[in-house]
Amino acid sequence: MSFFVSCVSLFIALLLFFPVSTAANFTASPTITNAPVAAELKFFSLDHKDVAAVAIETRLPAANESDPSCYTFEPQYRIARASDSITITIAAQPMLPANSYAQASAIRTARLNQLTMTAADNEISLAIAYNPKKSEPAITTVKRKPVIQPDNSIIFRTYLVLTFADTPTAKLPKTIVLDPGHGGTALGATSNDLLEKELNLDIALLSRDLFRGQGYDVYLTRTDDSNPSLLDRADAANILQADLFLSIHNNSMPADMPAAAKRLYRGTTVLYNSSANKPAKELAIMLADQLAAALRIHQYPLQDRPGLVVLNATHVPAVIAEVAMMPHPQDAKMLSQRIYRLEAAQAIFQATDKYFSIISLSAGGI
Ligand SMILES: [Zn+2]
């Protein structure tokens, strides 16, 4: 099998394995020596769709290219279809965690009857038996942004994604990815006996219930005290082709700021990325307005933060809400009470829901 990390877009989305001879025709495209590996299986089950994604990685050696952004990595795979099943076989060395196979076989949903993952030499197969009356699979690839390693080599990860959405797909609701910031040993801000990671999770869980109650498909990047990597959080939004990635945080002041100075600042702000493919500044404005009004607190200027991973690794509109200022005694007292965390969740839902209704009105030409 051959494979490529290549600047040449001709390689995109071919559904058959390349013969080795194809590579020789594109001398400008460096063929790398590291074989692709299957690194991980991710599975998402939402109210209206199930999504399985196999992560395939390869590594470009150091100093081959100063600009990794011009490279793409296209895994090679083939597909076999039957009336109620699909099998996808990927040319990659199986390097998944050992329990991945058992986890796959344990998956059952209203749409999917069975997942079977099998490994062979330099190949991995994922067979999915599904209910054709409820869903038909769609196949896409999703790229993670290249990650430069300490030795200056570059890891490229591309997900092969199988989406089983409810039919008819025209009536599918919007998909929201909610991202409670921090988790586990990453506490986030700590002020006034509060842990930011706990506040973020509770506001996200309350928000999830509001969105789901109104028919949205919702995925949380964590529902417990875990700490997914920032890239894994962004990947979820990309793999699910979400309509919005909304990260929930609470703000802090520099630790070395005098206590008296910290008492001066309370309020909310929202971060966005103006250089993203799909910037979300309008939503950021609406979110900050709604949070400030609901919590009756000051609003700080929006922050354009293109350097933050969850804002620059997401291919979908993305914002970070900094709900309130934890070092301030009044903001802290408010955040410590669930009624105010619910008010924050309601503000997040209402601003987002209003944003989508405005978008759909303008898309309809009204
Ligand atoms: Zn935070």
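## Loop residues with positive phi

R296 lies in the loop between α5 (281–295) and β19 (303–304), and in this predicted model its phi is near 55 degrees, a positive value in a residue other than glycine. With a relative accessibility of 56%, R296 counts as exposed, because the cut-off for that class is over 50%.

D193 can be described in similar terms: this residue is not a glycine, yet its phi is positive, at about 65 degrees. D193 is found in the loop between β14 (190–191) and β15 (194–195), and at 84% relative accessibility it counts as exposed.

## The zinc site

Which protein atoms act as donors of the zinc ion? They are NE2 of H182, OE of E196 and ND1 of H249, and these donors lie 2.1 to 2.2 Å from the ion. Along the chain the donors follow the spacing H-x13-E-x52-H. Since E196 lies in helix α2 and H249 in strand β17 (residues 244–251), this pair ties together parts of the chain that are 53 residues apart in sequence.

Are E196 and H249 buried or exposed? E196 has a relative accessibility of 3% and therefore counts as buried, and H249, with a relative accessible area of 13%, is buried as well; the cut-off that applies to both is under 20%.

## Helices α2 and α3

Helix α2, which supplies the zinc donor E196, has 18 residues, and at 1.5 Å a residue it should span 26 Å; its end C-alpha atoms are 26 Å apart, so the model agrees with the expected value. The buried residues in α2 include E196 and K197 at the start of the list, a run from L199 through N200, L201, D202, I203 and A204, and further on L206, S207 and F211. After α2 comes G215, whose phi is positive, near 90 degrees.

Helix α3 is mostly covered, with 8 of its 10 residues buried. Among the buried residues of α3 are L231, A234, A236, A237 and I239, and the list also includes R233, D235 and N238. Just after α3, Q241 takes a positive phi of about 50 degrees.

## The largest pocket

How much space lies in the largest pocket? The computed value is about 580 Å³. Its lining is made up of 27 residues, of which F43, F44, Y219, L220 and T221 are the closest to the centre of the pocket. By residue class, the lining divides into 12 nonpolar, 7 polar and 8 charged residues.

Several elements take part in this lining, since at least two residues come from each of β2 (37–45), α1 (100–105), α2 (196–213), β16 (217–220) and α3 (230–239). The largest share, 6 residues, comes from β2. In terms of domains, the lining of the largest pocket draws at least three residues from domain 1 (5–165) and at least three from domain 2 (175–363).

## The loop between β12 and β13

P168 has its place in the loop between β12 (154–166) and β13 (175–180), and a cis peptide bond, with omega about 0 degrees, joins T167 to P168.

P173 also lies in the loop between β12 and β13, and its relative accessible area of 25% makes it partly exposed. The C-alpha atoms of P173 and D47 are separated by 9.7 Å, although these residues are 126 residues apart along the chain.

## Further pairs along the chain

A284 has its place in helix α5, and at 0% relative accessibility this residue counts as buried. A284 and V270 are 14 residues apart in sequence, while their C-alpha atoms are 5.6 Å apart in space.

Q114 has its place in strand β8 (residues 112–120), and at 39% relative accessibility it counts as partly exposed. Q114 is 17 residues from N131 in sequence, and the C-alpha to C-alpha distance of this pair is 9.9 Å.

How values were computed: Residues are numbered from 1 along each chain as its sequence is written. This is a predicted model: local features need pLDDT of at least 70, side-chain atom pairs count only at pLDDT 80 or more; totals for chains, interfaces and linings use all residues. Side-chain values use heavy atoms; hydrogens and water are left out. On a 1 Å grid over the protein atoms alone, a cavity is a set of points where a 1.4 Å probe fits but cannot get out, and a pocket is an open set with protein on both sides within 12 Å along at least five of seven lines; lining residues have an atom within 4 Å of a point. Grid points are joined across faces, edges and corners, and a volume is the space filled by probe spheres set on the points. Helices (H or I, at least four residues) and strands (E, at least two) are DSSP runs, numbered from the N terminus. Ala, Val, Leu, Ile, Met, Phe, Trp, Tyr, Cys and Pro count as nonpolar, Asp, Glu, Lys and Arg as charged, and the others, Gly among them, as polar. Domain bounds come from an automatic or database domain assignment. The expected span of a helix is 1.5 Å times one less than its number of residues. Buried means under 20% relative accessible area, exposed over 50%, partly exposed in between (1.4 Å probe, protein chains only). Donors are N, O and S atoms within 2.8 Å of the metal (3.2 Å for Na, K and Ca); water is not among the atoms, so sites may look incomplete.
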